[in-house]
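Got the viewer open? Let's take a walk through this one, one selection at a time.

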Amino acid sequence: MISTTSFPERIELSGEGLVLRDWTEADLAAMPELFDHPDIAYWTPIVSPFDEAAARTRLDRDRQLRAEGTTILLAITVDGGAPLGEVMLRRTPEGPELGYAVGPAHRGQGLAARAVRVMAAYAFEQLGAEKVILELEAENAASVAVATKAGFRLLDVPLIRGEEKGRPYALQTWGLNRP
C-alpha cells in the first residue's frame, strides 16, 4: 500500500554523492540554463522557451503540487548548492512515477541515474512503495540509458500514447521493485 499522506514541507535527500533539495527563490536565475534546451523541450513536458517567468511558474506549481500531496520536484546538486538538474516523484494509480532532467552542461556524470536511485529509495522507505516506474520514449537513448543504469527493467505493459507540444509520443513503462 502506498502512503497517501502529505509530503513534508521541506525535503532533502542525500546519497550516491548527491544532495536532492527543494527548489528555492535563489534558484530561479539558474533554471533557464538548465531547462531552456532543445532536448528538454523535445523529450519532456517542460515548457519551451524556458525563461525566468517560466521558472517562477514552475516553482509556484512545484509548491502547489507538494501541498496537494501529488508531486515532489527536487533540485539535483552535489553539495546542496547550485542546481544541476531536477528529479521528480509523482503519485499515480500505478505507483510512484519518477522523472528527471539534467542541464546540458552537467550531463555525462551519472547525475540522473544516481538521483533516480536516491528518489526511488525515498519512495520505498518513506512512502511504502513496492515498485516505482519511469515512462520513457524508446527513441530517447539517454533516458533509456538512465533507466538501465538505475536498475529499472522494461515492463510488459501497453504503450502510453498521447500528444505533447504538437507531437505524438509513445511511452514505455519501466519498473524498479522494492529491494
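How exposed is R117: buried, partly exposed or exposed? This is a predicted model, and in it R117 has 27% relative accessibility, so it counts as partly exposed, the class between the 20% and 50% cut-offs.

**Stop 1: R117 and its partner.** Keep R117 selected and add E16. The two form a salt bridge, with 2.7 Å between the closest N and O atoms. E16 sits in the loop between strand 1 (12–15) and strand 2 (18–22), while R117 belongs to helix 4 (residues 111–127), so this pair ties together parts that lie 101 residues apart in sequence. Colour by accessibility and E16 comes out as partly exposed, at 37%.

**Stop 2: E86 and R58.** Now select these two side chains. They meet in a salt bridge, 2.4 Å from N to O. Again the pair links distant parts of the chain: E86 is in strand 4 (residues 85–90) and R58 is in helix 3, 28 residues apart. Is E86 buried or exposed? E86 has a relative accessible area of 4%, and because buried means under 20%, it counts as buried. R58, at 21%, is partly exposed.

**Stop 3: R90 and E97.** Next, pick R90 and look for E97. Their closest N and O atoms are 2.6 Å apart, and they form a salt bridge. R90 is partly exposed, with a relative accessible area of 32%, whereas E97 counts as buried at 8%.

**Stop 4: a network.** Select E25, R56, D60 and R63 together. What links these four residues? They are joined in a network of salt bridges. If you'd like to keep hunting, a search of the whole structure finds twelve salt bridges.

**Stop 5: the second largest pocket.** Hold on to R63, since it is also one of the residues lining the second largest pocket. For the rest of the lining, add F7, E9, R10, D22, W23, T24, D62, R66 and A67. Show the surface here: the pocket has a volume of about 180 Å³. Which element gives the most to the lining? That's helix 3 (residues 52–68), which supplies four residues. Colour the lining by class and you should get six charged residues, three nonpolar and one polar.

**Last look.** Bring helix 3 back into view for a recap. R58 in helix 3 pairs with E86 in strand 4, and helix 3 is also the top contributor to the lining of the second largest pocket.

Definitions and conventions. Residues are numbered from 1 along each chain as its sequence is written. This is a predicted model: local features need pLDDT of at least 70, side-chain atom pairs count only at pLDDT 80 or more; totals for chains, interfaces and linings use all residues. Side-chain values use heavy atoms; hydrogens and water are left out. On a 1 Å grid over the protein atoms alone, a cavity is a set of points where a 1.4 Å probe fits but cannot get out, and a pocket is an open set with protein on both sides within 12 Å along at least five of seven lines; lining residues have an atom within 4 Å of a point. Grid points are joined across faces, edges and corners, and a volume is the space filled by probe spheres set on the points. Helices (H or I, at least four residues) and strands (E, at least two) are DSSP runs, numbered from the N terminus. Ala, Val, Leu, Ile, Met, Phe, Trp, Tyr, Cys and Pro count as nonpolar, Asp, Glu, Lys and Arg as charged, and the others, Gly among them, as polar. A salt bridge is a side-chain nitrogen of Lys or Arg within 4 Å of a carboxyl oxygen of Asp or Glu. Buried means under 20% relative accessible area, exposed over 50%, partly exposed in between (1.4 Å probe, protein chains only).
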